[in-house]
Each structure stands twice: as structure tokens, then as C-alpha cells.
Amino acid sequence: MGDAFGLVYCLAKEEDYEQICTSKDYNGLDYLPAFFHRWLKEPGRIVLLAWMKDRVALESALLVDGGQTVVFQGRRVVSDLRGSGIAGVLHSHVTSYIRSQYPEVCAVRMSRGDHPSERILSKYRLVAKEGLLSGLRTCLSLPLQAIVSVCCEAADLSAFITELRSKTHSSCRGAVTLSQHQAETLILSDHVISNLLPGKTIINDWEPLKPVEANLEVLRRRELTFIADHESEPSALSLGTPPYAVPYRHDALRVNINIFGHNLVSVCAVFLAQLEALQPKVTGFLILQTYLNPAVWEGFRQFCQNNSRVSFLRDYWEDVILESDL
């Protein structure tokens, strides 16, 4: 199927991998090379391509919220066509495809790693934290989560953990690794939804979901490690992804930890417990991205200051969630 721009659209196939996944995207931290083949098999997901001769753009959409919402992910355009408008044309095509194939979908959601422009905010609403004005149309709006990125040789992780333990009071080291059932019960609880989740949204590695029963299966597929500071009514709840390869270095592994909570001591405690759970699983070079409430970002970054050869990969940045009606 084609259009006036000369683009030809099709669903992605396994053999399209080499055309799409490069080592240059996102400074070598791109998740798509690790996720592409999994995405093609994931229930409720479409991966669409737009071809211009031998060059390609991609966008994916995942059905969530019981089929009422799609989450847009993975938009990519080959480097020499970026800025040409092809991404917008592809996005319009994907949106039309969803309308025709999934008429029950009534909303779309996406994550961004920057402050949305006025033009974007004219089309989407910010999933605002409590206390923000939901109708705010300004780039001064606060993000849902701020991000601390660190990296190190996996062999240095033990020393980092030991150093962080020395900063943590013994009474605050009782973080609990939750079973899947315990985690799901907490995610659906009024306490967590009202007091911990930003914008009443559960976010795993840039994937924003409503905390509803229908989305628990999506979280199960991610094979997450759930750790909280308490089994009941926690002050901090965390989701840790399994390590996955990224092109940053031949042996680089990326791990993402989303932490929900406003109490810095509790946030640090569950972060430390996530590292302790992670340590036996990693070799090579580790890139760790931790997403947390902006109010605790500065204190958490100070907590991560170390003499253990663990470096900060970049300065303050953020994860903003946008929604619109379809």
C-alpha cells in the first residue's frame, strides 16, 4: 500500500531487523535491537514499516487497558531521512490502521524523553502529577519521572553495593522482594495508586500503563523484579527489568529500574535491594537507568555518588507521558 509521498507500508517481519536496528540510535543505548523479535510475537502489538526504496521507518503500537488504549513505541527513521516529515506521515498511517482494525480503541499514550513543545501539547494532554494543572499548556510542566543514569564494569558493582550499604541505616535495609501475586495486589491497591504512582500510571521502562487488571498480563511478560520497602502499604515500590544487550559496547547490558515513592530513604533502600538482586545476573559492562519522582532526584543522585568506579552517564533528564483521544 502506498501514498503520495512514495512510501510503501507493511507489517514488519523478522528479516527486516538489519535495516532497522543500528548501533547509532540513542547513543548506543537503543532497546530496539533487543526487543524487535520479541515485539513481532507479542500479543496485541503491531509493528509497521514505511519503505522509501531501500530505506525504512518504523513505529509500533501495543494494545493495553483491555484494548481501549494503544501505547506508541519505538518510532525510528533511517538517519538520512530524519527531519523530512516521514515520521509524522508514518504515525498518521499507524493511527489510521488502528482506527480501522481496532475500532474499540479510544485513546493513545506515549512516552517522551524531553519537554513537549507547544505544538505537541496542542494535540496531547500531559498525564500530570497530583498538584499539576491538567490543562497546563507550557513547557514548564514537571515530568512524571526523572532519570539517573550510571554505568560501570559489572565487576565493580559489588564495591558500589558495599559503598551504598555504608550510607544506609541498618533499620532501612529491610526491603522485600515480592512475588508476582504480591506485586500485582499492590499495583491494584488504592494505597499505591493514590500515593505512589505518578499520574496514577504504572510505568515500566518507558511503557505507561493504567493500574488495572487487564494490564497485569503485560507486566508478567516483562519478567520484572518487584521490590518494596514493605509488603503492605509501602513507601516505595520498584520494578526492575532483566538485563538486555544494547549496542553501546560489545558486552554492554542495560537495566531499567522504575521506583515509585516520595520518601528518599525508602527509594534508596529499594534501589539497593534491586542492585543486590541484579548482581549475580550480570557480566561485562552495565548501564543502569533509574526512573523516580523528580522531588527525590537530587538526593538520590547524591546517594549514588561513589568511589567505586561507577560513573554518571548523563545529567538530569526525564520521562513525560502524553495522552490523547483517538
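In this predicted model, helix 5 and helix 10 (residues 294–304) have axes that come within 9 Å and cross at roughly 120°. Because of that angle, helix 5 counts as oblique to helix 10. On the helix 5 side the contact involves F160, L164 and K167, which meet Q302, F303 and C304 of helix 10. Sorted by class, the residues of this contact are four nonpolar, one polar and one charged.

F160 also leads to the next feature, since F160 is among the residues that line the second largest cavity. The volume of this cavity is about 40 Å³. Along with F160, its lining is made of V150, C151, C152, L157, L286, L288 and V310. Strand 7 (145–153), helix 5 (157–167) and strand 15 (285–292) are the elements that give two or more residues to this lining. Strand 7 has the largest share, with three residues. The lining of the second largest cavity has eight nonpolar residues, with no polar and no charged ones.

The structure has four cavities of 30 Å³ or more. The largest of them holds about 70 Å³ of space. Its lining consists of T225, G240, T241, P242, V255, I257, Q274, A277, L278 and K281. Two elements, strand 14 (252–260) and helix 9 (264–278), each supply at least two residues of that lining. Helix 9 gives the most, with three residues. By class, the lining of the largest cavity divides into five nonpolar, four polar and one charged residues. The lining of the second largest cavity, in contrast, has no polar and no charged residues.

The last topic is charge pairing. Side chains of opposite charge can pair when their charged atoms come close. The structure contains 20 salt bridges. One of the salt bridges joins D65 and R109, with the closest N and O atoms 2.7 Å apart. This pair links distant parts of the chain, the two residues being 44 residues apart. D65 lies in the loop between strand 3 (55–64) and strand 4 (69–77), whereas R109 is in strand 5 (residues 107–112).

Methods
Residues numbered from 1 in each chain as written. Predicted model: local features only at pLDDT ≥ 70, side-chain atom pairs only at ≥ 80, totals over all residues. Heavy atoms only, no water. 1 Å grid on protein atoms, 1.4 Å probe; cavity = no way out; pocket = protein on both sides within 12 Å on 5 of 7 lines; lining within 4 Å. Points joined across faces, edges and corners; volume = space filled by probe spheres on them. Helix = DSSP H or I, 4+ residues; strand = E, 2+ residues; numbered from the N terminus. Nonpolar A, V, L, I, M, F, W, Y, C, P; charged D, E, K, R; others polar. Axes fitted to C-alpha atoms, helices over the stretch in contact; angles between N-to-C directions. Parallel < 35°, antiparallel > 145°, perpendicular 65-115°, else oblique. Contact = heavy atoms within 4.5 Å. Salt bridge = Lys/Arg side-chain N within 4 Å of Asp/Glu carboxyl O.
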